Amino acid sequence: IQFRLKGTRSNRDALGAHVTLYWNDRRQMQVLDGGGGYSGYSEKLVHFGLGEKPELDRAEIRWPSGKTQVLSRLEPGRSYDVVDP
């Protein structure tokens with residue numbers, strides 16, 4: 001599952017956003033950073049590998065603005081575009 005974040009109150013690229021995913025009694029957190037390199041481009045995605053038979057509970061996004069957003073009813077194998085509330 002992956003998330004493409006867009007900031008409105010936060011910076012436009014949502015750099016510094018923390019995404020925590022809860023599934024199969026597990027929790028994993030990733031931070032969206034600048035990445036990339038000289039003369040290169042890295043798409044700003046947060047990607048989680050879930051393994052076999054994932055049962056997704058929720059994702060929590062802590063935006064750089066300090067707001068927290070909770071997403072539920074997520075499906076594995078999908079990409080979600082999420083805008084800062």
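**Salt bridges and the pairing of strand 1**

At 44% relative accessibility, E75 counts as partly exposed, because the partly exposed class lies between 20% and 50%. In this predicted model, E75 takes part in a salt bridge with R78, and the closest N and O atoms of the two lie 3.9 Å apart. That distance still qualifies because the cut-off is within 4 Å, from a side-chain nitrogen of Lys or Arg to a carboxyl oxygen of Asp or Glu. The partner, R78, is likewise placed in the partly exposed class, with a relative accessibility of 39%.

Another group of charged residues is worth a look. Salt bridges that share partners link D57, R58 and E60 into one network. Within this network, R58 forms a salt bridge with D57, where the closest N and O atoms are separated by 2.7 Å. The side chain of R58 also meets that of E60 in a salt bridge, at 2.9 Å from N to O. How exposed are these residues? R58 is partly exposed, its relative accessible area being 24%. For D57 the relative accessible area is 45%, which again means partly exposed. E60, at 23%, is partly exposed as well. In general, side chains of opposite charge can pair when their charged atoms come close. By the rule applied here, the model holds 4 salt bridges, among them the one between E75 and R78 and the two that R58 makes, with D57 and with E60.

Attention now turns to the strands. Strand 1 covers residues 2-6 and has two faces. F3 and L5 make up the covered face, while Q2, R4 and K6 belong to the uncovered one. Which strands does strand 1 pair with? One partner is strand 4 (residues 45-47), joined to strand 1 by 3 bridges, and these two strands run antiparallel. Another is strand 7 (residues 79-83), joined to strand 1 by 5 bridges, and here the strands run parallel.

Q2 is a handy residue for following both pairings in the structure. In strand 4, the residue opposite Q2 is H47; in strand 7, the residue opposite Q2 is S79. Q2 itself lies on the uncovered face of strand 1, together with R4 and K6.

Notes:
Residues numbered from 1 in each chain as written. Predicted model: local features only at pLDDT ≥ 70, side-chain atom pairs only at ≥ 80, totals over all residues. Heavy atoms only, no water. Buried < 20%, exposed > 50% of the residue type's maximum accessible area, 1.4 Å probe, protein only. Helix = DSSP H or I, 4+ residues; strand = E, 2+ residues; numbered from the N terminus. Pairing = 2+ DSSP bridges.
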